[in-house]
Every structure is written in structure tokens, then in C-alpha cells.
Amino acid sequence: MMRSIFLTLVCLALSACSFPELQRSSPRQQYLSGLQASGLSNTRLVDQWQLAARAALNQPAELALPVRETIWIEQSEPRALAYRVNLLEDQFLQVVVQRLPYDAKASGENAVPQSLINPLDESTRGSHGRVFQEVYLAAKAEPHAWLESSPAKAVTIGEDADSDDATVNAAAWQVDEDGEYTLLIQPELLAAGRFSIMVSVRSALAFPVLEADNTAVRSFFGAPRDGGRRVHHGVDIFAPRGTAVLAVADGTIARTGDTPLGGLHVWQRAASQGHRYYYAHLDSISVQQGDRVKAGDEIGTVGNTGNARLTPPHLHFGVYATFKGPVDPLPMISLYDADRPVINESSEPPPPLLEVDAARLNLRAGPSTKDDLLDQLIAGQRVAVVARSGDWYRIVTRDGSTGYVASKFLKSAQPALAQSDSG
């Protein structure tokens, strides 16, 4: 039976695009429809696979981003992970799922655990199943309100990884409205092994001042100006005079000029989205009308021209959206940590059930003592391990709470004693 299921899954993988009536559904939904068309929808393994996704979506983990963790999946126990994230309009959600190799000749913790070997698909020797990734807007009730991955936006996946590698699944989504989103990650059936998952947020635009970051923004959108007669239609980014001002995106220089309000300034028209970008109070301008620029190209330098002559040098940066006018540019340019370092990662799966080996154990939103404290666990409390991130485990408690705890304060759970019916 297992071999029959495997052969059917191979056929589905080779013909994943052969369902023209399902072009508007997600790849995972197309895969599931293929299972149903092949008569496998009523099998125990497929039922478990669907239940795993439903359970994950019903109780997604609300964790601090970026997330960087490792999970283990056995072929007989389908799994799915779901994360709840808050995103702002035009932000990108980046996801990289990488299948981690095993040393088949090694012993100890570097050996391939027997429970993770799939003798049918030879997964430990180069045949890799797909990992489905879907993003849902949590506020929408539609079960298929998924966002299609943006193929135009490259995802950085590290110097040693190649997006053409069959062991790597990388995707990015750009959202068009503020809200809570749920990310679902689920390998296809029989895709046993060890997987690295990286989830992070990236701003829509490049930061417009060379070698500056979020801390250089000291005046914000909507702040009152001229005694409240007007409001600030951008952000001010402070930097030494002469610091390079960079294009935030690909586009065309619409015009340049010098006015009493903005001083030396540049207007850029975006190559996509229809946005216009305004760079003002420049000390010098390096471009002219009609020039095409790429994100990161220098267009001028920081100064204090115009009505900023009595203030320290800074860049006034504004974003003007079609049919909306000025919008807050801060979420579009804010810099985010791309990844978390992972150390001492082991190939050996952790025990599925552990108990707290400390009087009190902090449950945190991320795998470090700097992350928010969510709760405290007590000695002897049992937890199930979901994933590993360096020296931390992501766990779930009996009441459904989830977060990270330091692995050194956990020990193997003792078997529960059977209770007598007599009480």
C-alpha cells in the first residue's frame, strides 16, 4: 500500500501543473485535489496530512520575528507549522525552507535517525519533496484566501544556498493591507527528514541614507508643522552633511529642483506600484530629469537646504501613493533583522515529550533572553517539542501555549503512572 501511495505521489509531482481548472488555487490545494482525483483522499495518511494543516491553522504560533528553527518530520506522521504575524502594507514576508543534509556514514548525533529514513523516496540520498507555503489574511473567513508568492522579488537565502537547489524552497509575499496574517508551512506526503525554517520581514524599499538605520529617523509622519497649520508629510533622517542619499527603488527621475520649502530636491517615479518618492533638503544632486536609477544608486547628498537651513543636516523623505497622496514611509523603509544565528545545531531529533527541570522556567517569544517573556513554567510541567533553534526548544504546553525555552532546563519526561479505578 505504501509503495502504491508513493508511486502516485511521484506522478502528482511530475504533473503538478496539469489541472487547468485549478489555476486560481494554491499549489498545496492543487496537490490535494490531485490526491483526491487519484482516489487517495480517504486514506489514513492523507487524512492525517489534512488534519495536521487544520490543527496548525487553528492554533498558529505567535512568535517574535525573525524565526529560525529546525523541525524533524517522520514519514508516518505528517506535520504542518503555522505562524501568526502582523504585517503592514507593502511589507514583505520572506520564508526559506531548506532540507538539511545527513551524513549517512556518520555515527552518533550526525547519523541519520532511522525514524526519518523513507526507504521508498530515498529522501536522504537526493530525492526531495516539495514544501508548500501559503499565507492567509487572518481576518478573512474564506478558506482559500491565500496570497500568491511574488515571483518578481528575489529572496536572499545565504551565500551557501542556491534558490535553484532542490533542497531549498524560498518565497516572498508582499501584502497590500495592514493586518494579521497566518503563514502555513507543510511538506508533501512522505517528505521525511530534517528541515531548517527561516521566517522574516523585509521592508518594501531600501533605506535612503547610506550607512544609516532606523535610529537616524527623528521626525515622523503626521507631526505638526508651522504651529499646527500643516502636518509633516514624510520622515526626517539625520546624517552628516555630504552623506550619500540613495534611491529606495528602481525607477525614473521625474524632476529635480530648488524651492524655498524643500530646497534642493528630487522626485522619483517608481518602476512599479505607481508611487512617487520625494527626497528634500539635499546638499547636492547627482541625477537629472529622465535618468533611470536602480535601488541603491546615489541621487544626491544629505544637507539642510530650503526651510531646513537652521536645523542639522537631514534628508526629508516622502512617499506619495496614487489616489492616496502622502503616506507614512516609515514601515516601507524600516530595517529588520534578516536572521537569527543558530549554534550547536544537532541532527538528532529531540525527545517529543519533556518536562521542566527547574523551579521556574521562562517561556519566551523568541530563542533568546532578550525576547519578550510570555509565561513561566513550573517544575515537572510537561511540554511537547515542536522545533529547535540552537540551544532553545520551541514547545507547546498542555493548554496550547507555545514559545521558546532554554533546552538545558528540560529533561526526559517520566512515564505517567496508571491511575487506579478505585481512586
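Reader: Which residue in strand 6 is the bridge partner of R84?
Author: The model is predicted, and in it the bridge partner of R84 is T182, in strand 6.

Reader: What makes strand 2 and strand 6 a pair?
Author: The rule asks for at least two bridges between two strands. Strand 2 and strand 6 (residues 179–187) are joined by seven bridges, so they count as paired. The two run antiparallel.

Reader: In what order do the three strands of the open sheet stand?
Author: The order is 2-6-4, and the pairing is antiparallel.

Reader: Why is one side of strand 2 and of strand 4 left without a neighbour in the sheet?
Author: Strand 2 (81–87) and strand 4 (131–137) stand at the edges and have a single partner strand each, so one side of each has no neighbour in the sheet. Ignoring direction, neighbouring strands here are turned by 20° against each other on average.

Reader: Which strands does helix 2 touch where it packs on the sheet?
Author: Helix 2 (residues 27–37) touches strand 4 and strand 6. The direction of helix 2 makes about 120° with that of strand 4. Helix 3 (residues 44–58) lies across strand 2, strand 4 and strand 6, and runs at about 155° to strand 6.

Reader: Which residues of helix 2 are called buried, and by what cut-off?
Author: Buried means under 20% relative accessible area. In helix 2 the buried residues are R28, Q29, Q30, Y31, L32, G34 and L35. Just after helix 2, G39 takes a positive phi of about 80°.

Reader: Which strands pair with strand 15, and how do you know that they pair?
Author: At least two bridges are needed. Strand 14 (residues 263–270) and strand 15 (residues 276–285) share five bridges. Strand 15 also has five bridges with strand 18 (residues 314–321) and three with strand 17 (residues 298–302). Each count meets the rule, so strand 14, strand 18 and strand 17 all count as partners of strand 15. The sense is antiparallel for strand 14, for strand 18 and for strand 17.

Reader: Which residues stand opposite each other in these pairs?
Author: L264 has L282 of strand 15 as its bridge partner. Y277 stands opposite V319 in strand 18, and S284 has T301 of strand 17.

Reader: Why is K324 called exposed?
Author: Exposed means over 50% relative accessible area. K324 has 52% relative accessibility, so K324 counts as exposed. K324 lies in the loop between strand 18 and strand 19 (325–327). Its C-alpha atom is separated by 9.8 Å from that of H275, 49 residues apart along the chain.

Reader: What is the sign of phi in F323 and in E211?
Author: Phi is positive in both, near 70° in F323 and near 60° in E211. Most residues other than glycine have a negative phi. F323 is a residue other than glycine, and E211 is one as well.

Reader: Where are F323 and E211 placed, and are they buried or exposed?
Author: F323 is in the loop between strand 18 and strand 19. With 87% relative accessibility, F323 counts as exposed. E211 is in the loop between strand 7 (193–202) and strand 8 (217–219), and at 80% E211 counts as exposed too.

Reader: How many residues line the largest pocket, and which lie nearest its centre?
Author: The lining has 31 residues, and R79, A80, L81, V385 and V386 lie nearest the centre. The pocket holds about 880 Å³ of space. Helix 3 gives the largest share of the lining, four residues. By kind, the lining has 21 nonpolar, five polar and five charged residues.

Reader: What lines the largest cavity?
Author: Among the lining residues are W49, I73, E74, Q75, R79 and E188. Glu and Arg count as charged, so E74, R79 and E188 fall in that class. The full lining divides into eight nonpolar, one polar and three charged. The space in this cavity is about 60 Å³, and the count of cavities of 30 Å³ or more is three.

Terms used
Residues numbered from 1 in each chain as written. Predicted model: local features only at pLDDT ≥ 70, side-chain atom pairs only at ≥ 80, totals over all residues. Heavy atoms only, no water. Axes fitted to C-alpha atoms, helices over the stretch in contact; angles between N-to-C directions. Contact = heavy atoms within 4.5 Å. 1 Å grid on protein atoms, 1.4 Å probe; cavity = no way out; pocket = protein on both sides within 12 Å on 5 of 7 lines; lining within 4 Å. Points joined across faces, edges and corners; volume = space filled by probe spheres on them. Buried < 20%, exposed > 50% of the residue type's maximum accessible area, 1.4 Å probe, protein only.
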